[in-house]
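User: I am new to this structure and would like to understand what the terms rest on. Could you set each value against its definition as we go?

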Amino acid sequence: MIRRVSVAAVVLATWVAGTVAASIGAAVPAGALPTMSIGRAHADYVPVMDGSAPLFILLIGSDARPETATEDGLADSLHVLGINPAEGRATLFGIPRDAYVPIASGGTNKINTAMSAGGIDNQIATIENLTGMTIDYYALTRFEGFSAAATQVGGFTVDVPVAFQGYTGTLFEEGPMQIKGNTALEFARTRKSLSRGDFQRSINQGVAVQGAIATFSDAFDEDPSVLYRWLGAGLRNVQTSLSLDELTDLAMLATTIAPKRITNLVAVGATGSAGSISIVVLSGDNEALWADMAEDGYILAKNIPALARSS
């Protein structure tokens with residue numbers, strides 16, 4: 001059976017857990033800071049939604065504290081999700097938060113500072129300048145929003161690529177593992193105990209996305225009503241600048257992407273320093289990968305170099 005997973009479900013299974021479709025009619029409680037938001041990357045055009053062209057969504061996990069606006073935090077999780085509806089393929093391309101790159105608003109700094117320096121627009125422009133991809137939509141969430149959503153949907157199974165111990169002591173053994181709530185957050189945020197540091201953490205974040213999509217797909221095959229439970233996870237503290245029509249179009253754009261047809265990789269690079277700060281120096285080898293993905297929305301697994309993979 002070909003599993004049909006809407007773009008709403010794809011995004012839902014990532015950091016934003018349902019903001020695409022669940023944002024329709026959702027309201028942020030008075031006085032509360034939204035933990036999830038989704039918007040169009042550029043106000044001057046509406047992305048093609050008929051499946052004839054690839055779609056690019058920038059997924060951002062902010063480290064903003066509860067009392068701080070999400071957009072004012074550092075973008076500590078950055079992934080470009082490319083979707084090719086016609087080919088039934090998708091790619092998650094992670095970019096380490098410490099990547100030292102030109103910032104769109106000026107200067108060179110860690111890539112995760114672009115949002116706090118100039119908002120979502122600055123983060124999007126920095127990613128576009130770096131990769132050559134044109135971002136269609138962005139999805140932004142706080143980490144506590146991810147943790148809560150992972151609990152509300154009942155958790156999901158991840159295929160842990162490399163064993164490690166999380167920052168609270170949780171042991172993640174290599175192979176399938178059920179995670180939810182704070183354990184899901186620990187899996188996605190642990191860095192210091194990983195031999196490849198930020199590179200492996202970015203891979204693990206992509207693994208979490210793949211696991212959520214696979215878990216959703218399996219549950220949906222057995223009982224389509226599970227969709228409402230997953231979408232319900234996005235009905236809390238959500239805001240959007242999109243119109244109802246555009247949200248509906250985005251939510252209804254169906255793809256034929258089986259979880260195994262989603263490739264997961266991280267930018268190639270090495271650790272270094274800039275003055276007194278630790279950074280990631282990105283390799284020129286990424287340019288070919290970004291060009292490949294920009295062309296049609298995905299990169300075949302056979303074209304991914306070993307250092308960009310999970311192990």
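Analyst: Let us begin with touching: a contact means that heavy atoms lie within 4.5 Å. With that cut-off, and not counting residues up to four places away in sequence, Asn264 touches Leu92, Ile203, Gly206, Val207, Gln210 and Ala308. This is a predicted model, in which local features need pLDDT of at least 70 and side-chain atom pairs count only at pLDDT 80 or more, while totals for chains, interfaces and linings use all residues. Residues are numbered from 1 along each chain as its sequence is written, and side-chain values use heavy atoms, with hydrogens and water left out.

User: Why is Asn264 called buried or exposed, and where is its place?

Analyst: Buried means under 20% relative accessible area, exposed over 50%, and partly exposed in between, with a 1.4 Å probe and protein chains only. Asn264 has 13% relative accessibility and therefore counts as buried. Its place is in strand β15, residues 262-266, where strands (E, at least two residues) and helices (H or I, at least four) are DSSP runs numbered from the N terminus. The C-alpha atoms of Asn264 and Ile304 are separated by 9.2 Å, although the two are 40 residues apart along the chain.

User: What makes Arg261 buried, partly exposed or exposed?

Analyst: Arg261 has 30% relative accessibility, so it counts as partly exposed. Arg261 is found in the loop between β14 (254-255) and β15, and it touches Glu87, Gly88, Arg89 and Ala90, not counting residues up to four places away in sequence. Of these, Arg89 is 172 residues from Arg261 in sequence, yet 5.4 Å from it in space, C-alpha to C-alpha.

User: How do you know that α6 has the span expected of a helix?

Analyst: The expected span of a helix is 1.5 Å times one less than its number of residues. Helix α6 (residues 197-222) has 26 residues and reaches 38 Å from its first C-alpha to its last, which is close to the 38 Å expected.

User: What makes α6 mostly covered, and why is Asn204 called buried or exposed?

Analyst: Of the 26 residues of α6, 19 are buried, and the helix is mostly covered. Asn204 lies in this helix and, at 0% relative accessibility, counts as buried because its value falls under the cut-off. Asn204 touches Pro161, Phe164, Phe187 and Leu194, not counting residues up to four places away in sequence.

User: Why is Ala188 called buried or exposed?

Analyst: Ala188 has 0% relative accessibility, so it counts as buried. Ala188 lies in helix α5, residues 181-189, and is 9.3 Å from Gly166 in space, C-alpha to C-alpha, with their positions 22 residues apart in sequence.

User: What is called a cavity, and how many does a search find?

Analyst: On a 1 Å grid over the protein atoms alone, a cavity is a set of points where a 1.4 Å probe fits but cannot get out, and its lining residues have an atom within 4 Å of a point. A search of the whole structure finds two cavities of 30 Å³ or more, where grid points are joined across faces, edges and corners and a volume is the space filled by probe spheres set on the points. The second largest cavity holds about 50 Å³ of space.

User: Which elements supply the lining of the second largest cavity, and why is Asp76 called buried or exposed?

Analyst: β4 (75-84) and α6 each supply at least two residues of that lining. The residues lining the second largest cavity include Asp76, His79, Arg201 and Gln205. Asp76 is found in strand β4, and its 7% relative accessibility means that it counts as buried.

User: How much of the protein counts as buried?

Analyst: Of the 311 residues of the protein, 55% count as buried.

How values were computed: 1 Å grid on protein atoms, 1.4 Å probe; cavity = no way out; pocket = protein on both sides within 12 Å on 5 of 7 lines; lining within 4 Å.
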